[in-house]
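Here are my notes on this model, set out point by point. I hope they help as you look through it on your side.

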Amino acid sequence: MSGSERIGVAVLGASGRMGRAVLREVLEAPDLELVAAVTHAGSAHLHADAGVLAGLPAVGIPVTPIGPVLAEADVVVDFALPSGTLAALPHLGSAALVSGTTGLEPTDRDRVLGHGAVAPVLLAANFSVGVNALLALVEAAARSLPDFDVEVVEAHHRHKVDAPSGTALALARAAADARGVDLERVRQDGRVGRTGPRRDGAIGLHALRGGSVTGHHTVWLAGEGERLELTHEAASREVFARGAVRAARWIAGRPPRCYSMRDVLGL
Ligand SMILES: NC(=O)c1ccc[n+]([C@@H]2O[C@H](COP(=O)([O-])OP(=O)(O)OC[C@H]3O[C@@H](n4cnc5c(N)ncnc54)[C@H](OP(=O)(O)O)[C@@H]3O)[C@@H](O)[C@H]2O)c1
């Protein structure tokens, strides 16, 4: 940690929607120190002031490209795109990584988690407290209602580039794990045409895109003559940014390992 005892934070993907929200949380927290605001070398936002990007007064910290500056942080908070997260890995040194980037291929996810050999790592598809509680509820419901059909429906703003959302996949995985099945074997992404009857044990995933929806997830558990719906609605990005900053505070100084939001929240 820095000599002032404040936790040094670098924000990766600083110019993005989430990155700006994280910058704001970090700059307004007395116990955190913004060490760097980072994006890719081709970004139109290079050299912009991090404070201004966050909608605050200038702080004299310009946005810089991915590089050794990341290793100067105690914790790197990452909301970039998968290419950005992967490009940053060789530059992290012993900095902890808190990453919210979604859409990583399974092998790339393993590469990111590999940083856990040298520093603490936390990868979360969703940093909201509510969604993390929802994951536990879905697990319990899927286990106690083994004959109910599970369908996960998510909705996001028109700019989102991956589908289904990382959170939808995490919810589907929670249901699959609770039933002792491999999600990749039972998942069914959308339906179109003459699909035939629903496959026994399938877990459906459906993505809606439009407008400015921050994040909506509903898990349907449908049985004979009754249906249970578990829904989470995120009203603003600050929910995720606050959760990521909470995780950054929690992870700073911990031993190298992979952690989850469940550890942070004590769930
Ligand atoms: N875990 C959660 O709770 C949570 C919540 C919301 C979103 N997310 C995820 O967080 C990620 C970012 O979401 P967003 O809405 O903020 O997206 P966004 O507005 O498109 O921002 C993406 C950021 O990544 C930067 N970037 C793009 N390519 C890069 C590269 N190769 N190297 C480094 N940086 C790169 C962009 O830079 P420029 O703009 O400068 O080009 C921008 O700063 C997505 O994966 C999203 O699904 C996670």
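1. Let me begin with a strand pair: Val153 has His206 in S9 as its bridge partner, and Glu151 is likewise matched with Gly204 of S9. These pairs sit where strand S7 (residues 149-156) and strand S9 (residues 203-209) run parallel, joined by seven bridges. Strands and helices here are DSSP runs numbered from the N terminus, with at least two residues (E) for a strand and at least four (H or I) for a helix. Two strands count as paired if DSSP finds at least two bridges between them.

2. A word on the source: this is a predicted model, in which local features need pLDDT of at least 70 and side-chain atom pairs count only at pLDDT 80 or more, while totals for chains, interfaces and linings use all residues. Residues are numbered from 1 along each chain as its sequence is written.

3. S9 also pairs with S8, again in the parallel sense, over three bridges. In this pairing, Arg187 has Ile203 of S9 as its bridge partner.

4. The sheet that holds these strands is open and has five of them, in the order S8-S9-S7-S10-S11, with mixed pairing. Strand S8 (187-189) and strand S11 (226-234) are at the edges with a single partner strand each, so one side of each has no neighbour in the sheet. On average, neighbouring strands are turned by 20° against each other, direction ignored.

5. Which strands does helix H5 (residues 129-144) lie across? H5 crosses S7, strand S10 (215-223) and S11, and runs at about 165° to S11. For such angles, axes are lines fitted to C-alpha atoms (for helices, over the stretch in contact), and the angle between N-to-C directions runs from 0 to 180 degrees. Contact between two residues requires their C-beta atoms, placed from the backbone, to lie within 7 Å.

6. Now to the other sheet, which is open and parallel, with seven strands in the order S3-S2-S1-S4-S5-S6-S12. Its edge strands, strand S3 (63-65) and strand S12 (257-259), each pair on one side only. The twist from one strand to the next averages 25°.

7. Within that sheet, strand S1 (residues 7-12) and strand S2 (residues 32-39) run parallel and are joined by six bridges; Val11 stands opposite Ala37 in S2. Helix H8 packs on the sheet, where H8 touches S1, strand S4 (75-78), strand S5 (96-99), strand S6 (120-123) and S12, and the direction of H8 makes about 160° with that of S5.

8. The domain assignment gives domain 1 (7-123 + 237-265) and domain 2 (129-234), with bounds that come from an automatic or database assignment. Taken over C-alpha atoms, the two centres are 28 Å apart. Eight residues of domain 1 are in contact with eight residues of domain 2. On the domain 1 side, helix H8 (238-251) and helix H9 (261-265) each supply at least two residues, and H9 gives the most, with three.

9. Finally, the ligand: 27 residues surround it, the closest being Gly16, His40, Ser43, Gly84 and Gly100. A residue is near the molecule if its C-beta atom, placed from the backbone, lies within 6 Å of it. Helix H1 (17-27) and helix H3 (82-88) are the elements that give two or more residues to this shell. By class, the shell has eleven nonpolar, 15 polar and one charged residues. In this scheme Ala, Val, Leu, Ile, Met, Phe, Trp, Tyr, Cys and Pro are nonpolar, Asp, Glu, Lys and Arg are charged, and the others, Gly among them, are polar.
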